[in-house]
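Subject: Structure for you, with notes

Hello,

Here is the structure I promised to pass on. Please open it alongside this email, as my notes follow below.

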Amino acid sequence: ELVSCVGWTTADELYSCSDDHQIMKWNLLTSETTGVVKLPDDIYPIDLHWFPRSTGGKKQSHAESFVLTSSDGKFHLISKSGRVEKSVEAHCGAVLAGRWNYEGTALVTVGEDGQVKIWSKSGMLRSTLAQQGTPVYSAAWGPDSEKVLYTSGKHLIIKPLQPNAKVLQWKAHDGLILKTDWNSVNDLILSAGEDCKYKVWDSYGRLLYSSQPHEYPITSVAWAVDGELFAVGSFHTLRLCDKTGWSYALEKPNTGSIFNIAWSIDGTQLAGACGNGHVIFAHVVEQRWEWKDFEITLIKRRTMEVHNVINDAVDLLEFRDRVIKASLNYGHLVVSTSLQCYVFSTKNWNTPLIFDLKEGTVSLILQAERHFLLVGGGGLYLYSYEGRLISSPKFPGMRTDILNAQTVSLSNDTLAVRDKADEKVIYIFEALSGKPLGDGKPLTHKTEIVEIALDQKGLTSERKIAFIDKNRDLYITSVKRFGKEQKIVKIGTMVQTLAWNDASNILCGIQDTRFTVWYYPNTVYVDKDLLPKTLYEKDASEFSKNPQIVSFVGNQVTIRRADGSLIHLNISPYPAILHEYVSSSKWEDAVRLCRFVKDQTMWACLAAMAVANKDMATAEIAYASIGEIDKVQYINSIKDLPSKESRMAHILLFSGNTQEAETLLLQTGLVYQAIQVNINLYNWDRALELAVKHKTHVDTVLAYRQKFLEDFGKKETNKRFLQYAEGVSIPQN
């Protein structure tokens, strides 16, 4: 008889239920199949979902019980051993789906009677969320377990649990929608329809991908846990797709229709419930990693092939257990299997460093030059490439199962994590100690943040973080915050994707229809008007819509188009060389390089770099070369100032840091200069306040103010100035 539903208990054990009333258990390690229990003859199972494993912070090694929905309008809570703990009358007609939320605190069931009901953990009815005239075929919880997505004919509906909240509804297919799934990591939604298409949506109901029509209706779709892949099942068809929609692989197994797909917990394999009574198992292989001269392919579940493209050398890496996650960057390959972590140096493939993983499955590996981060098993673990645990940062309400490469970023000294509870907040940690950075307050933005990235090079004190918010604006800000509110500066709009270079602080991104490289993003803190001159822009229409930057190594950018093809772009090598010269204070070499390249962009970068490093002689040459004569004159006037402090203050003024310049002047006792700075900027109130506070030059301030008013033919209206003007008579000249 047809198999209707499947579900994994551990990474190697699967339960399946079929119309012959049998619940079977499959052990993949020993390839044994055993019957667990035979259900009563009137129970025809339809859907099965295991109770979530990580409840209340405690992670059990395997699931203990599951919910089974059946055609007689009931759902059954069944223990692992097959004992039916409870049967609950739920719907009129069949119960078409039953799903636990992520915490295991609530269950949603949907049925042929068009009702969507929420139940407690023990099976008590909490509420009827929705009622409609057509059967509801599928339902899924939102990532925060506060919303439910369900089907309604050709429409998808997202309804929050709280009453009177806004309901989102949209027409998704031209035929009945049979299955839907919502991933908690990437917040994307899948739908499968009788119109023979599958589609990917964001949580606002915007279409991100629509497949070509297949020959038969799509009967199942399912996200892998980490949200990077999904699987699609149809008649004699099983497809593996990337989260952006394009297809990695198409298999044509002899299965009948695949009614249900379940991914294993570690995301390496899936099982399908087939219409012809089979259960199909599929393993994900042939993932590829590339870095500089190396291509690495997972050829079997426990074997990797390393190909050096320069000398065509091939190495095989064998692992004891199956490979779950891997990352290749910064001269190291880090591989996590189900029980161990392997660290290879690209210089020597024979002797990996191996250590045991105590915390269970790794869901994400991130690398920086000096260390790498493992995410999973309820925590963040930072290791050196020698395999030593450096730190394990924590923050309140941390949920590691929903972190991905867009919401975590690592550099040599800093780790940043975008929070899920409040998406406007980024937690920033010192990598070596695992403690929050600076004053311990997280970075807060005014809107939700969707992607974050730390720069990789330079001094710790100048570490920058770039992030894209949900309006697709790109911002940059300094990570270090010493009490003063650091400026968060917007440097791009409509940015789809971004990446920092691995070897110098150059940022690239795709904004709207242009591929943009910010050769020196720090410019915004030095001389904001100069930023447009430090950019490289190129038409990006060849990348089609929704491209993603995969990597930015050396001067090569790798971009993946929406159809899955890779495009490699080369950018000018000169800005990186310029960064190198400046970081080692070789100013003459830097000037020589710019003269050789004869490029305005390079001169603009050099000008900003020189001002940032307070090298005014170089700045003068660079500004002159891009024709910014006013700035050259100002720099010249700074050179003639008598004291080092006042020169410093004017360099700060040049970059627009008036507050810091004034503080510096006051600290060194140059009160008159501090007052003069404010007069020049027409900060009249501040100038008078300083003069009164330091009991000096009050008359000067009043004289300047009077001249200013006379020039514009205005009368004095400021009460403070009137009050002091009576006390001080200003000599008429």
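The accessible surface of the protein chain is about 32,800 Å². Carbon and sulfur atoms account for 50% of that surface. Please keep in mind that this is a predicted model.

Overall picture

The chain has 733 residues, and 53% of them are buried. Its C-alpha trace spans about 110 × 65 × 45 Å along the principal axes. Secondary structure amounts to twelve helices and 56 strands. I also looked at contacts between residues at least 6 apart in sequence: 41% of these join residues at least 24 apart.

On charge, there are 80 positive and 84 negative side chains. The centres of the two sets are 4 Å apart.

The domain assignment lists two entries. Domain 1 covers 3–55 + 62–283, and domain 2 covers 645–732. Their C-alpha centres are 71 Å apart.

Thr109

Start with strand 12, residues 106–111, which holds Thr109. Is Thr109 buried or exposed? Its relative accessibility is 0%, so Thr109 counts as buried; the cut-off is under 20%. The side chain of Thr109 makes a polar contact with the side chain of His91, at 2.8 Å. His91 also appears in the list of residues in contact with Thr109, once neighbours within four places in sequence are set aside. That list includes Phe75, Ala90, Val95 and Ala97. Gly98, Gln115, Val116, Lys117 and Trp119 are on it too.

Lys538

Next, go to strand 53, residues 535–539, where you will find Lys538. With a relative accessible area of 25%, Lys538 is partly exposed. Which side chain does the side chain of Lys538 meet in a polar contact? The partner is the side chain of Glu542, at 2.8 Å. Leaving out residues up to four places away in sequence, Lys538 touches Thr513, Arg514, Phe515 and Leu569. Val517 is 21 residues from Lys538 along the chain, and the two C-alpha atoms are separated by 8.8 Å.

Gln548

Gln548 sits in strand 54, residues 548–553. It is partly exposed, with a relative accessible area of 30%. Arg560 is twelve residues away along the chain, yet the C-alpha atoms of Gln548 and Arg560 are separated by 5.2 Å. Arg560 is also one of the residues that Gln548 touches, not counting those up to four places away in sequence. The others are Gln496, Thr497, Thr558 and Ile559.

Two loop residues with positive phi

His21 is not a glycine, but it has a positive phi of about 70°. His21 lies in the loop between strand 2 (13–18) and strand 3 (22–27). At 8% relative accessibility, His21 counts as buried.

Asn164 is not a glycine either, and its phi is positive, at about 65°. Look for Asn164 in the loop between strand 17 (155–160) and strand 18 (168–171). Is Asn164 buried or exposed? The relative accessible area of Asn164 is 84%, so this residue is exposed; the cut-off is over 50%.

To recap the two loop residues: His21 is buried, whereas Asn164 is exposed.

Best wishes

How values were computed
Residues are numbered from 1 along each chain as its sequence is written. Side-chain values use heavy atoms; hydrogens and water are left out. Helices (H or I, at least four residues) and strands (E, at least two) are DSSP runs, numbered from the N terminus. Buried means under 20% relative accessible area, exposed over 50%, partly exposed in between (1.4 Å probe, protein chains only). Contact means heavy atoms within 4.5 Å. Accessible areas come from the Shrake-Rupley method with a 1.4 Å probe; for residues, only the protein chains shown count as cover. Lys and Arg count as positive and Asp and Glu as negative; His and the chain ends are not counted. The place of a charge is taken as NZ of Lys, CZ of Arg, CG of Asp or CD of Glu. Domain bounds come from an automatic or database domain assignment. A polar contact is a pair of N or O atoms within 3.5 Å; within protein, one must be able to donate a hydrogen and the other to accept it, and residues adjacent in sequence count only if both atoms are side-chain atoms.
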